[in-house]
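Here is a brief report on one protein model. It covers a pocket, the nonpolar cores, a small sheet and one loop residue.

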Amino acid sequence: MKRYWILTIAGLATACHQPTQQAGHEADSLPPAAVETIPVPDTTTLIMPGKRIGITVIQANADSLIRQMGHPDYSDAAMGTYLNTWYARHRDGIYQTSIFSQRNMGGPDEAITHVKSVYVTSPAFRTTNGIGPGTPMAAIQHQYALTNTGTFVNGKDSLDVYEDIKSGISFEAGKDGICKGVLVYAPEDSGAARRSVHNDWIFVTRK
């Protein structure tokens with residue numbers, strides 16, 4: 001039952017979600033009823049670019065996280081690298097959490113599998129300013145310096161990838177212009193940013 005922690009968090013956080021508060025004198029000039037706020041997520045649902053998503057911290061011990069989260073629904077391993085994925089069923093669909101980790105082969109800490117990236121699709125996960133899966137890309141582009149690096153394709157389905165490598169965060173958007181997934185990794189780690197967490201999807205690089 002441990003792996004369904006994602007579902008519980010999603011229900012709690014989604015129920016609390018409200019639009020972001022306007023800043024400065026513009027917000028002060030509005031009637032009280034028109035000013036709404038977004039509560040700051042707790043650590044279990046917080047997206048911090050370059051650092052963490054929820055309880056998954058970049059460079060943390062992935063083995064400890066897996067023991068806490070429960071057996072993954074999908075795993076793939078090769079040459080000291082590991083991809084583990086969990087799926088949580090929700091009334092709005094099935095949400096994905098994926099952790100990519102890697103051993104420092106030959107190093108003094110070779111026994112530890114370090115988290116290199118974490119990916120989520122649940123709208124429960126948010127940055128402190130309310131950005132996450134379900135946010136329009138037009139709003140996200142005002143907050144981050146994004147580069148459209150390519151598209152994941154699976155039949156008629158596609159996800160455009162927008163990266164802010166300097167900050168350590170990437171966003172995937174559907175054809176409707178809405179963010180479908182968020183990936184966090186160490187700042188400037190382009191390798192972690194471009195390792196796929198999608199089975200059977202082909203990445204087409206933007207020319």
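## Pocket, cores and a small sheet

Three strands, β6 (93-103), β9 (157-164) and β11 (179-185), each contribute at least two residues to the lining of the largest pocket. The model is predicted. Among the strands and other contributors, β6 gives the most to this lining, with four residues. The pocket holds about 310 Å³ of space. Its lining counts 21 residues, and the closest to the pocket centre are Ile-94, Tyr-119, Thr-121, Leu-159 and Lys-180. By class, the lining residues split as follows.

| Class of lining residue, largest pocket | Number of residues |
|---|---|
| Nonpolar | nine residues |
| Polar | seven residues |
| Charged | five residues |

**Nonpolar cores**

Next, the cores. The largest nonpolar core has 25 residues. Which of them touch the most other members? They are Ile-53, Met-137, Ile-140, Phe-171, Val-182 and Val-184. At least two residues of this core come from each of α3, β7 (113-120), α4 (137-140), β10 (169-173) and β11. So-called second core: another one lies apart from the largest, with nine residues, including Leu-183, Ala-192, Ala-193 and Val-197.

Ile-53 deserves a separate entry. Leaving aside residues up to four places away in sequence, Ile-53 touches Leu-46, Ile-47, Val-118, Val-120, Phe-125, Val-182 and Val-184. Val-182 and Val-184 also appear with Ile-53 among the core residues that touch the most other members.

**The three-stranded sheet**

Three strands form an open sheet in the order β1-β2-β3, and the pairing is antiparallel. Which strands sit at the edges? They are β1 (47-48) and β3 (56-57), each pairing on one side only. Strand β2 (residues 52-53) runs antiparallel to β3, and two bridges join them. In one bridge, Arg-52 has Val-57 of β3 as its partner. In general, strands of a sheet pair through backbone hydrogen bonds, either parallel or antiparallel.

**Asn-61**

The loop between β3 and α3 (62-69) contains Asn-61. Is Asn-61 buried or partly exposed? Asn-61 counts as partly exposed because its relative accessible area is 27%, between the 20% and 50% cut-offs. Asn-61 touches Ile-112 and Thr-113, again leaving aside residues up to four places away in sequence. Asn-61 and Ile-112 are 51 residues apart in sequence, yet their C-alpha atoms are 6.1 Å apart in space.

Methods: Residues are numbered from 1 along each chain as its sequence is written. This is a predicted model: local features need pLDDT of at least 70, side-chain atom pairs count only at pLDDT 80 or more; totals for chains, interfaces and linings use all residues. Side-chain values use heavy atoms; hydrogens and water are left out. Two strands pair if DSSP finds at least two bridges between them. Buried means under 20% relative accessible area, exposed over 50%, partly exposed in between (1.4 Å probe, protein chains only). Contact means heavy atoms within 4.5 Å. On a 1 Å grid over the protein atoms alone, a cavity is a set of points where a 1.4 Å probe fits but cannot get out, and a pocket is an open set with protein on both sides within 12 Å along at least five of seven lines; lining residues have an atom within 4 Å of a point. Grid points are joined across faces, edges and corners, and a volume is the space filled by probe spheres set on the points. Ala, Val, Leu, Ile, Met, Phe, Trp, Tyr, Cys and Pro count as nonpolar, Asp, Glu, Lys and Arg as charged, and the others, Gly among them, as polar. A nonpolar core is a set of buried Ala, Val, Leu, Ile, Met, Phe, Trp, Tyr and Cys residues joined through side-chain atoms within 4.5 Å.
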